[in-house]
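Please examine the sequence and the structure shown here, and keep both in view while reading the explanation that follows.

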Amino acid sequence: MLTSATKVPRSSAITTDICVIGSGPAGLSLALEFQDRKQSVCMLEGGERDPNAEAQALYDLETDRLPISPKSRLRVLGGAGKSWKGLWKPHDVIDFAARPWVPDAGWPISRALLEPYYERAAKRFGAPQAADYPASGALDSPQLATSPLFRLADEDLDLAKKYQTVLEQSKNIMVYLGANVVRLHAEGNGVHAAHVEVKTLGGNAFAVAARRYVLACGGIENARLLLHSRVGNENVGCYYQDHPKGVAGTLTTAKPVKWPAYWGIRSGRWWMKAGLRLSDAVQEREQILNSFVTLEPDVEGLARWVTKLFKSAPKVIKIKVRNYLEQAPIRNNRVTLSSKTDKFGNPLAKVSWSLSDLDKKTMITFHQILHDEFSRRGIGKLQSSLLSGDGSFPKLSDASHHMGTTRMGSDPMTSVVDVNCKLHGVGNVFVTGSSVFPTSGYANPNATIVALAIRLADYLKVA
């Protein structure tokens, strides 16, 4: 059932089996796994069916060093699913590995363990399965590997819209809109959550008491709520990661080239765009991160030919090289609480993050290898400020992928949640979404977000 939090009697207490805070791809994917089951689910969403400025202002934040796009977070039913571009890609095997050259790398689970959940996530979103991914590309070599991203069909992007009727008619899933969780209250020296405190912008207030709580508010807000509520260990908010992106070079080819898979092609019911990454062996040899570049034809009238992309791809000589950088998990890249507050008097989030030496080394080395590969193979010449040797570095922006602030791990000294996404030391609070990623890879996070949410749902069904 979908209803407004304004209809809940003031100062009352709702009881439920599972309380999910946030209705983005993570929260909705988890909640929908309980449809028609015996467990009751209460989902609390601070926004309404459509975005509005007053609710959105509760997501204001402070940043220093690198910026955060204000469009990257939406307080609305469906969360970031209302704005994401639908790029879908599971993380690579190496992303889960304990790479000795990457500080604090390594997931407590493997890509193989997540494989069945990736398949279920793809079915939920109408996304491609493993068999739909091409095995190779025209630019492959022992050093370079082609890696595809798929854009989902428009009707599959917004999970709230896609499953609206299911939610409206559900007997065991209750979704409250305009329900802003202002604090998570714990008892017993913080080892058990007793209830969450909920307020509406109109002045209503009530509580929700659950057997288990699932935070699904995103990579920044999950940390903000835990920090403000003083729940969780000292690692909450640390290890913030994004995918810094930007054009970092131009490839001038020796002759006009037509690489449709790298420009973008129709693949089944999806649009697919391939890019390039360095092979696992090269990453280990060079002691660098798992990053990614896309190739963008630099032609006049780009917007005109993009609309005709599926009929013909242009031949070009100049190609922009755009980076999507995996960031090393650095403890001091973090979310803390600001001295500024929102309408409810809660501190805003403050995000402090910058590029590490390993991040910069990765981009420089990647471009050196691209330059040498393109030259050796007679493809053309890559020009980039990263190759000048004078310390120049391109201007990068965030990719709206907020990750790592409640990272998963076996050791409470370096992580926030355990292998089942339960807070270390707290018996009934779980976290889902990209905030639990120990490392970020380069892939858009949604496939892994949804896979982890479904895996957590399975755990909660029997725990």
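Trp84, Trp88 and Phe125 are linked into a cluster by ring pairs. The model in which this cluster appears is a predicted one. The count of aromatic pairs in the model comes to 13. One of these pairs is formed by Phe96 and Trp107, whose ring centres lie 4.6 Å apart and whose planes meet at 55 degrees, an arrangement classed as tilted. Both Phe96 and Trp107 lie in the loop between β5 (87-88) and α3 (111-125), 11 residues apart. Phe96 is buried, and Trp107 is buried as well.

A further pair is made by Tyr240 and Trp353. Their ring centres are 5.6 Å apart and their planes stand at 70 degrees, so the pair counts as edge-to-face, since that class requires an angle over 60 degrees. This pair joins distant parts of the chain: Tyr240 belongs to the loop between α7 (221-229) and β11 (245-257), while Trp353 belongs to strand β17, 113 residues apart. Tyr240 has a relative accessible area of 0% and is therefore buried. Trp353, with a relative accessible area of 1%, is buried too. Both verdicts rest on the cut-off for a buried residue, which is under 20% relative accessible area.

Rings also take part in contacts with charged groups. The charged end of Arg73 sits over the ring of Tyr59, at 4.5 Å from the ring centre. In a similar way, the charged end of Arg124 sits over the ring of Tyr163, at 5.0 Å from the centre.

Strand β17, which holds Trp353, deserves attention in its own right. How many of the seven residues of β17 are buried? Six of them are, and the strand, covering residues 347-353, is thus mostly covered. Strand β4 (residues 61-65) runs parallel to β17 and is joined to it by five bridges. Within this pairing, Glu62 has Lys350 of β17 as its bridge partner. Strand β16 (residues 334-341) is also joined to β17 by five bridges, but these two strands run antiparallel. Here Thr341 stands opposite Pro347 of β17. Together β16 and β17 form a hairpin, with five residues between the two strands. In the turn of this hairpin, Gly345 has a positive phi of about 85 degrees.

Helix α11 comprises residues 357-376. Does its length, from one end to the other, agree or disagree with the expected value? The helix has 20 residues, and at 1.5 Å a residue it should span 28 Å; its end C-alpha atoms are 28 Å apart, so the two values agree. Several residues of α11 are buried, among them Leu358, Thr362, Phe366, Ile369 and Phe374. In general, an α-helix has 3.6 residues a turn, so residues three or four places apart point the same way. After α11 comes Gly378, which has a positive phi near 70 degrees.

Positive phi values also occur at residues that are not glycine. Most residues other than glycine have a negative phi. Arg65, however, has a positive phi near 65 degrees. This residue is in strand β4, and at 53% relative accessibility Arg65 counts as exposed. Gln287 likewise is not a glycine, yet has a positive phi of about 60 degrees. Gln287 is found in the loop between α9 (280-286) and β14 (292-297). Its relative accessibility is 33%, so Gln287 counts as partly exposed.

The loop between β5 and α3 also contains Asp95. Is Asp95 buried or exposed? With a relative accessible area of 1%, Asp95 is buried. Although Asp95 and Phe437 are 342 residues apart along the chain, their C-alpha atoms are separated by 9.9 Å.

The final topic is the space left open within the model. Rolling a probe the size of a water molecule over the atoms shows where empty space is left. The second largest pocket has a volume of about 350 Å³. Its lining consists of 21 residues, and those nearest the centre of the pocket are Lys89, Pro90, Asp92, Arg111 and Tyr133. Which element supplies the largest share of the lining of this pocket? That element is α3, from which five residues come. Both α3 and β6 (144-151) supply at least two residues each to the lining.

Definitions and conventions: Residues are numbered from 1 along each chain as its sequence is written. This is a predicted model: local features need pLDDT of at least 70, side-chain atom pairs count only at pLDDT 80 or more; totals for chains, interfaces and linings use all residues. Side-chain values use heavy atoms; hydrogens and water are left out. Buried means under 20% relative accessible area, exposed over 50%, partly exposed in between (1.4 Å probe, protein chains only). Helices (H or I, at least four residues) and strands (E, at least two) are DSSP runs, numbered from the N terminus. Two strands pair if DSSP finds at least two bridges between them. The expected span of a helix is 1.5 Å times one less than its number of residues. Rings of Phe, Tyr and Trp (its six-membered ring) pair if their centres lie within 6.5 Å; planes under 30 degrees apart count as stacked, over 60 as edge-to-face and the rest as tilted. A charge sits over a ring if NZ of Lys or CZ of Arg is within 6 Å of the ring centre and within 35 degrees of the ring normal. On a 1 Å grid over the protein atoms alone, a cavity is a set of points where a 1.4 Å probe fits but cannot get out, and a pocket is an open set with protein on both sides within 12 Å along at least five of seven lines; lining residues have an atom within 4 Å of a point. Grid points are joined across faces, edges and corners, and a volume is the space filled by probe spheres set on the points.
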